[in-house]
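Reader: Hello! I am new to this structure and would love a close look at one part of it. Could you pick a residue and walk me through its surroundings?

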Amino acid sequence: MAAAAALARLEQKQPRARGPTSQDSIRNQVRKELQAEVTGSGSQEAPGTNTGAEPIEEGSTQLPVSGVYFTCPLTGATLRKDQRDAHIREAILSHFATDPVAASIMKIHTFNRDRDKVKLGVDTIAKYLDNIHLHPEEERYRRIKLQNKVFQERISCLEGTQEFFEAVGFQKMLLPVPDREGVEEEAAEFYVLGEAARAQPQELARHRERLLAAEPVRARLDRQRRVFRPSPLASHFELPADFFSLTAEELRREQRLRADAVERLSVLRTKAMREKEEQRELRKYTYTLLRVRLPDGCLLQGTFYARERLSALYEFVRGALQSDWLPFELLASGGQKLAEDETVALNECGLVPSALLTFSWDAAVLGDMRAAGAEPDPSVLKAELLDSIEQLS
């Protein structure tokens, strides 16, 4: 009886279950909101975007685009993503046989990834060449000591610099260097400008300008332009895995996003915060497949970087038109006109990872044509593109 009484007293002292607090209510509300957003995103399309685009195994069906490809600006070869760097390296190295100066410049700007180091090294080389041009009679400016601290830290560490100096007329030579007292001498390695290069100072100045103006050689994204006949499958996108694969940096970003998920659940998000998160989601795509439905129902298709500007899309469409000088508009789903500012990125317009747009001539142009009793030709594409038209399947 005593034990039962003691147990009863202990039970009376235990705190009762705490009811939901305002913070609990916030968490619950945010969970419901997140769940609603996830559900809604699966059934509603962002403007111009086909959310039904799914990564599928290449070869399982005939894809409207087989992958992401690039074009080498030096050879014109079409390359897969995993072939780009090796092919460009080989193309630059093979260029030494025909133009060693150009090849060495390309090597400096392309093989070295740290752009700040490249700029510092290139500026230092340009300064050496400037001194030679400004003081053609002074021998000390025509000699560069390879063990010089500045030369070692800024130039020797860059691939291609040795080839550049030799291509523009410098020769490696061992020259005596007086010690501090000026008595004993020791040999050191120098780059010394040869007589042939000294006789052509304007050529040396031209090499300097080419070095300063050069850019890295990068493979260009292949648009893979295709034209399809009118099809009920126009808004159906089946994309290869290339459009969804993430780089190492993108994977790290995804991990950070997952780590932030718990915190998001406990914070009441404003509309601005939600929009910012949506934009962050859109930025995880690297490429996007865009189709433009033309007045005759035909479809013009191309591949773009997700971060390319709208101006690239307009240029792509304009290049396929017979009357490429006439102004036109591109409309997203629901007839919403794309942003007038052509510097806006495609992913900021929601046009990732795929989108169907509608082509329309500028309203003022249509009005002028109809006022003159004419109607625009529904077939707007160049004849050579219509010759290669395909069936979308």
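Author: Happy to help; here is a close look at Arg291 and then at a few other places. Please keep in mind that this is a predicted model.

Let's start with where to look. Arg291 sits in strand β10, which covers residues 287-293. This arginine is buried, yet it has no salt bridge. A salt bridge would need a side-chain nitrogen of Lys or Arg within 4 Å of a carboxyl oxygen of Asp or Glu, and the nearest side chain of opposite charge to Arg291, that of Glu238, is 8.0 Å away. What does lie by the Arg291 side chain is the backbone oxygen of Ala234, 2.8 Å from one of its polar atoms. Leaving aside neighbours within four places in sequence, the residues in contact with Arg291 include Leu233, Ala234, His236 and Phe237, along with Pro64, Leu300, Gln301 and Leu392. Ala355, Leu356 and Leu357 are also among its contacts.

Another spot to find is Pro353, in the loop between β12 (328-331) and β13 (354-361). The peptide bond leading from Val352 to Pro353 is cis, with omega near -5°.

A second loop, between β7 (220-221) and β8 (226-228), holds Gln224. Its phi is near 50°, a positive value in a residue other than glycine. Gln224 counts as buried because its relative accessibility is 17%, and the cut-off for buried is under 20%.

Finally, take a look at the second largest pocket, with a volume of about 300 Å³. Its lining includes Arg84, Asp85, Thr110, Phe111 and Tyr305. Helix α3 gives the largest share of that lining, four residues.

Key
Residues are numbered from 1 along each chain as its sequence is written. This is a predicted model: local features need pLDDT of at least 70, side-chain atom pairs count only at pLDDT 80 or more; totals for chains, interfaces and linings use all residues. Side-chain values use heavy atoms; hydrogens and water are left out. Helices (H or I, at least four residues) and strands (E, at least two) are DSSP runs, numbered from the N terminus. Buried means under 20% relative accessible area, exposed over 50%, partly exposed in between (1.4 Å probe, protein chains only). Lys and Arg count as positive and Asp and Glu as negative; His and the chain ends are not counted. A polar contact is a pair of N or O atoms within 3.5 Å; within protein, one must be able to donate a hydrogen and the other to accept it, and residues adjacent in sequence count only if both atoms are side-chain atoms. Contact means heavy atoms within 4.5 Å. On a 1 Å grid over the protein atoms alone, a cavity is a set of points where a 1.4 Å probe fits but cannot get out, and a pocket is an open set with protein on both sides within 12 Å along at least five of seven lines; lining residues have an atom within 4 Å of a point. Grid points are joined across faces, edges and corners, and a volume is the space filled by probe spheres set on the points.
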